[in-house]
Every structure is written in C-alpha cells, then in structure tokens.
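Work through the exercises below with the coordinates open. Each task is followed by a stepwise solution.

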Number of protein chains: 2
Amino acid sequence: MRMSELSATTGTPVPTLKFYLREGLLPAGERTSPNQSQYDETHVARVRLVRALLDVGGLSVAQASAVVGALDDDSVPLSTTFGIAQRAVTQPAAPAASRGDGAQRIAALCARQGWNVHPYNPGLTMAARVIDTYSALGVELITDAVLEQYAQAADLVAAADLEAVASAHDEAQMTSVVVVGTVLGDALFAGLRRIAQETESFRRYPLPEGTPAPGDLYNPEES
Amino acid sequence: MRMSELSATTGTPVPTLKFYLREGLLPAGERTSPNQSQYDETHVARVRLVRALLDVGGLSVAQASAVVGALDDDSVPLSTTFGIAQRAVTQPAAPAASRGDGAQRIAALCARQGWNVHPYNPGLTMAARVIDTYSALGVELITDAVLEQYAQAADLVAAADLEAVASAHDEAQMTSVVVVGTVLGDALFAGLRRIAQETESFRRYPLPEGTPAPGDLYNPEES
DNA sequence: ATGAGATGGATACTAACACTATCGATAGTG
DNA sequence: CACTATCGATAGTGTTAGTATCCATCTCAT
C-alpha cells in the first residue's frame, strides 16, 4: 500500500500523514527504494488510533506520541502499562501548586477504599488538585460522602476496564485495550455522566408546566 | 479594588486580566471615571473560577466564556442549567460522522437504565462517538455488560453531583455548583479512575518478584 | 522507453489560540 | 506637579497542528 492509498483508506490527507511520520506518531513504511515505501494494515490501524486519541480523546500530538510509544514498547509488563498510559495522558500539574488539604483528603479516601496505589500515580495529583480547586472557589459541598460515592463509581469503572482487558485475545491486544481504554474511557464515562445527570436532574427538579424544555435551548445559530 | 490589586490577589498578570475583560470572561468593573474602574470580591471569585475552568477543567477560553455566560444568565431554570453547562463544555462532534451502531447501543443502554434524556443531550453524541471509535479501532471488548457497569457508575456519580447541588445554600450557589461541578467533576472522576485502575490492575496481575514497580518508570528526565 | 503523476524528505507557511506588549490619553496620588 | 496606574485599542509572541511547496527520484500506463 502506498501513501496515497493509506490516505484514502483512513481519510487523512497525505500532508498530515507526512506530519505524523515526522512526529513519530506513525512508523515509517518498509522502504522499497530510496524514496518509496510500502504501508500495510498496521499503518492503517495506527492512523486510526492516532486520530481517535487526538479527536475523541482530546490528546495533543505530544501526548499521543507518548501513548503510541508505550504501545510500541512491549518490554513493559502489563501491570505497569496502565501507569504509562495514565502518565502519558495526564498533564503533569504544577507539583507544589496545591497547598490545600486535597492531597490528604484523597489519601484518606484511598485508605477508606482499600486502594493501594503508588505515590506517583497521576490520579492522586489530579484528584487532589480538583479538591483544592473546589476549595479555592469557595465550593465546600464536596463532602467525604460525595467523594466516596465518586470512589465507588471509580471502582465500578475500573473493574469494568480490567474485565475488558482480561477478555482480550492476546497480550498485544491487552496492551492496546489498556491504552485505548484509558483515553477513550474518560470520554465514554463523561458522556454517560452527562446523560445520567440530566435524568437525575429532572427526577429531582421536574420542569414546571410551560417551561421550555432544555432541548429548546439548543442553539441552532451555532451551526 | 483596582486592577493591580485584582491582579495581585489572584496571581494573574494585568495584561491577562485585560484579555479576560476583552473576551467577556470577566465583567467590567464599576467605572468611577472614563478610565478608572473598581473591582470587588465578585471579580476575584470570577477570575479564580475562570482559571479553574481553564487550568483544571482544560476548557478553551471560548468554552469558559460560554460557561460563565450561563452562570450570569439567571433567567434559566436550574433543571436546564446542566444542559447548558454540558453543551458549553462538550465540543460538538461532527453530527453525521458516526455511522456505526454506537447511537443505537447508547439508546438501548438508556432504555435499560431507565434514563430519560433529551435527544440533544451532548452526552449521547459523545458516548456514541466513543463506541464507534472503539469499533473502528477493532476493539470489540466494550460489551453491553461493560457498558452497563459504566452506566451504573455514571448513575452513582450523577446522584452524588445532584446531592452536592441540593445542599447548596441558595439558587445562585446551586447554579455555580452545577457549572463548576460539570467541569471539575470530569477531572475528579478521571483522577479517581486512574487510582482505582491501578489498584484493580495489581489485584488481578500482581507483579512478579524482582519486577520494577510502576513508580520506577516515573520518568524524571521530563522535569 | 517515456512522460504524467506519485513519493519521500526537507523546508516554509498558515490558522487558531492564549496570552503579552506597547501606546496614547487620561486619572489618581504623594 | 511629577509619577505611576488605568483604560481601551492595536499589535506582537510562542505554541500547536497541521498545509503547502519544492525537488529529485520513482512507478506505471501507454
């Protein structure tokens, strides 16, 4: 398969493919002559993966590059692949930026949940930062009860994630599922959360008669 | 309070504040003369909110602008504020882009979960798109069982979200909690999910003796 | 075999985004 | 009354994610 065919198959312009080659997102094809290369199905899959990470997962090119780098490195045991994928997709927060009690609250939550996690896990910083941000905004409604309910939900999702990983056919697919799932799972859950929020919102606060439905606020002037 | 003091209090440079004023992220102060304005605590809070949306929530300036716009518009009933916040923070996906069965699967999931949601809810598109993306990547491991576990988790989180909203002191704070919670909740859950994933991963796949711990893969050369 | 079109590699350019800097006219302050 | 601060406008900067152009091959249909 030549580059134009790779472009046609994936719907990605040739200059963009060249860009991905330059950035290391896409491995070079097999060179058949000094300026000819052959691409195959793995390249098609890789381009689709990259587009998924960028478009759906919202990663930057640099982050996506780190992710596919982890995918290509099969020397890493599966147990640690999560960490690599997580670190790749989680932007490193300013380390000493959080001077709130977020870190302690998250640590206490981990203890209550029986979570045993490495201190470098980026989720710790991420969650602590959010807690601190709530405090800084004066929103003190994120009680430990709320936090624990989030934690239970996280346990549920993590169990589902690992279940999906476990049902993979081989080690290579497992790794791929881990990496893809880490990124796409965030988006999937965010979408479901929005649906559940709306349902729960109407359950608690039914619209009075005659009030415009929320869908009527859909702004068609944006299109 | 003058602009320099607002800048000092929030740790945001004066030119940036001017930029936020231009972009409508920050309302103008009370003008005391043609070129003097007074700012108050509401401006301090607003700047902190904007920084939280941008830095922690990862929103763009345009998205943050839409969010604070929804905050400022108190003519909207609370029941629909979620929808506005959601639409503001969810990038509109290409509408006809998904030709997979993601939309049907999500619709079926909603039916099973008893979710009653407006068709314009951005979570529907978002989740459907993720499902389609999994399919396009050849990862067929997101079974309905996995999806349902995600949905249960989403219910849990949504209930916690609405619980937090319900405990707000007044309508204004409620709206604020809705908007902030929609954005920060995604980040909070993502962090907790990473922690739960690592815990669950080690539970299922314990490291063999002598294998480097995942934290040892923490790459200090990045700093 | 030969000319139209594609390819690889290099370089340069562009649009969008989030600031950042400068300017000129005025306003408040010691 | 010097001096800094402010407002509003305009312009410039650095980063990101591509696009575009060139050119010396290379391929393939005639």
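A polar contact is a pair of N or O atoms within 3.5 Å; within protein, one must be able to donate a hydrogen and the other to accept it, and residues adjacent in sequence count only if both atoms are side-chain atoms. This is a predicted model, where local features need pLDDT of at least 70, side-chain atom pairs count only at pLDDT 80 or more, and totals for chains, interfaces and linings use all residues. Residues are numbered from 1 along each chain as its sequence is written, chains are lettered from A and ligands numbered from 1 in the order in which they are written, and side-chain values use heavy atoms, with hydrogens and water left out.

**Exercise 1. Describe the protein surface near DNA strand D.**

Step 1. Collect the residues with a heavy atom within 4 Å of the strand, which is what "near" means. There are 23 around DNA strand D, and A:Thr16, A:Arg22, A:Asn35, B:Ser4 and B:Asn35 come nearest. Sugar and phosphate make up 73% of the strand D atoms within 4 Å of the protein.

Step 2. List polar contacts. A phosphate oxygen of strand D sits 3.3 Å from a polar backbone atom of B:Ser37. Another phosphate pair involves a polar side-chain atom of A:Thr16, at 2.7 Å. The side chain of A:Asn35 places an N or O atom 2.8 Å from a base oxygen.

Step 3. Assign elements (DSSP runs numbered from the N terminus: helices H or I, at least four residues; strands E, at least two). Helix 2 of chain A gives the most to this surface, with 5 residues.

**Exercise 2. Repeat for DNA strand C.**

Step 1. Count 22 residues around strand C; A:Ser4, A:Asn35, B:Arg22, B:Ser33 and B:Asn35 come nearest. Of the strand C atoms within 4 Å of the protein, 69% belong to sugar or phosphate and the rest to bases.

Step 2. Check phosphate oxygens. One lies 3.0 Å from a polar side-chain atom of B:Ser33. A side-chain N or O atom of A:Tyr39 is 3.3 Å from a phosphate oxygen.

Step 3. Find the top contributor: helix 2 of chain B, with 5 residues.

**Exercise 3. Is A:Arg193 buried or exposed?**

Step 1. Locate A:Arg193 in helix 9 (residues 171–204) of chain A.

Step 2. Apply the cut-offs: buried is under 20% relative accessible area, exposed over 50%, partly exposed in between (1.4 Å probe, protein chains only). A:Arg193 has 0%, so the residue is buried.

Step 3. Look across to chain B. A polar side-chain atom of A:Arg193 lies 2.8 Å from the backbone oxygen of B:Gly181.
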